[in-house]
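Hi,

Here is the structure we talked about, ready to load in your viewer. My notes on what turned up in it follow underneath.

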Amino acid sequence: MPDQDDGTALAPDRGPVATELGAVLLTERSLDELLELVVSLARRTIGGADGVSVSLSRDGRLLTSNSSDEVVRELDEVQYEHNRGPCVETIASGIGTSTVTVDGDARWPEFNAAASQRFITSVAGVPLAVQDRTIGSINLYSGTVEHFAPEDLEVADLFARQASIVLANAVAFESSTALNKNLQEALITREVIGEAKGIIMAQTHCSPEEAFDQLRRESQQANRKLRVLAEELVQSVQHEPS
Amino acid sequence: MDSFLQTAFEHTGLSPIDLWLRYVALGGSIPPQDLLAQIARDGAELDAYQRDVLALALNERFHELDMDTPVPYVRD
């Protein structure tokens with residue numbers, strides 16, 4: 001971006017920003033670290049942004065996953081609590097809230113009051129979207145400018161687009177990590193139940209299916225999970241340490 | 001014709017993959033897509049053991065939710 005000598009905030013070349021985000025190795029960074037990076041980069045590169053936060057929509061609720069400071073987090077929370085405000089609107093509509101001068105906007109009275117108290121002069125929300133679904137927003141708060149310049153909102157928008165891609169991948173990766181863990185637990189349980197069946201088969205000379213029936217009936221009668229009964233049985237046949 | 005197993009599954013609030021993981025943990029060996037297809041068809045082609053493992057997975061979940069355990073065991 002060409003330098004401007006009219007004193008407006010300069011946004012450095014967007015290239016390194018996009019590259020830095022895009023180069024994040026998902027296997028080595030947690031989602032939280034990633035969002036911290038988004039927040040700190042946005043604050044450094046978007047003119048007028050004195051505070052930045054990321055709001056995410058999870059299970060139908062909004063939360064601030066990351067913020068550059070507590071003031072910004074509190075102002076996000078005010079919006080969530082009353083379900084209205086520039087960032088809430090950004091997420092609901094999927095459209096970037098064009099910069100809002102805090103003073104005198106009648107749409108969000110609670111937010112305006114809270115923001116004024118904290119000397120915030122303008123706010124902008126930029127949507128984070130994945131496959132046409134708005135999953136959150138990058139929220140820009142300023143205590144210095146009355147409105148964010150169009151070129152700064154452009155930078156924010158570019159930023160949000162990059163962040164959305166990486167976020168989508170990170171979220172997908174995290175859910176596969178959860179699956180990995182759940183699968184591992186299921187396989188461990190399966191093995192223990194198999195061992196228990198084997199023990200019953202050896203003790204009673206029955207088939208594997210009959211061993212399962214026995215465990216299942218016992219668990220029904222005792223009102224306990226079959227897995228727990230199996231664990232106890234397997235424990236009970238092992239030698240005590242001498 | 002509605003599938004009883006399908007209705008039961010829907011009442012558990014479990015995602016398909018979560019149900020399958022519970023079923024596998026209890027000793028089931030049918031892959032997830034096939035299991036879901038069988039549930040939709042009320043388990044007509046499931047052998048008795050696989051069907052009972054599924055029944056147990058569903059019933060244990062109902063028990064967690066403090067609900068009645070309605071799925072019968074075919075091997076009883």
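Let's begin with the polar side of the contact between the chains. Chain A and chain B share 12 residue pairs in polar contact, counting pairs where both residues are at pLDDT 80 or more. On the chain A side, the elements that give two or more residues to this contact are α6 (150–204) and α7 (208–222). The most comes from α6(A), with nine residues. Sorted by class, the chain A residues that touch chain B are seven nonpolar, five polar and eight charged. Bear in mind throughout that this is a predicted model.

How many salt bridges are there between chain A and chain B? The count is four. Here is one you can check by eye: Arg75(B) forms a salt bridge with Asp213(A), and their closest N and O atoms are 2.8 Å apart.

As for the extent of the contact, 20 residues of chain A and 20 residues of chain B take part. Together the two chains bury about 1,700 Å² between them, and carbon and sulfur atoms give 57% of that area. Which three residues should you click on in chain A? Arg190(A), Phe212(A) and Arg216(A) supply 32% of the area that chain A buries against chain B, more than any other three residues.

Next, the pockets, in case you want somewhere to put a grid box. The largest pocket has a volume of about 370 Å³. It is lined by 18 residues, and the closest to its centre are Arg227(A), Asp18(B), Leu21(B), Arg22(B) and Ala25(B). Both chains contribute to the lining: α6 of chain A, α2 (16–25) of chain B and α4 (48–64) of chain B each supply at least two residues. By class, the lining has six nonpolar, four polar and eight charged residues.

Last, salt bridges in the whole structure. Over all chains there are 15. One of them joins the side chains of Glu74(A) and Arg118(A), at 3.1 Å from N to O. Why is that pair worth a look? Glu74(A) sits in helix α3 (residues 70–82) of chain A, while Arg118(A) is in the loop between α5 (109–117) and β4 (122–130) of chain A, so this salt bridge ties together parts that are 44 residues apart in sequence.

That's the lot from me. Shout if anything looks odd on your screen.

Cheers

Technical notes:
Residues are numbered from 1 along each chain as its sequence is written. Chains are lettered from A and ligands numbered from 1 in the order in which they are written. This is a predicted model: local features need pLDDT of at least 70, side-chain atom pairs count only at pLDDT 80 or more; totals for chains, interfaces and linings use all residues. Side-chain values use heavy atoms; hydrogens and water are left out. Contact means heavy atoms within 4.5 Å. Buried area is the accessible area (1.4 Å probe) that two parts lose on being put together, summed over both. A polar contact is a pair of N or O atoms within 3.5 Å; within protein, one must be able to donate a hydrogen and the other to accept it, and residues adjacent in sequence count only if both atoms are side-chain atoms. Helices (H or I, at least four residues) and strands (E, at least two) are DSSP runs, numbered from the N terminus. Ala, Val, Leu, Ile, Met, Phe, Trp, Tyr, Cys and Pro count as nonpolar, Asp, Glu, Lys and Arg as charged, and the others, Gly among them, as polar. On a 1 Å grid over the protein atoms alone, a cavity is a set of points where a 1.4 Å probe fits but cannot get out, and a pocket is an open set with protein on both sides within 12 Å along at least five of seven lines; lining residues have an atom within 4 Å of a point. Grid points are joined across faces, edges and corners, and a volume is the space filled by probe spheres set on the points.
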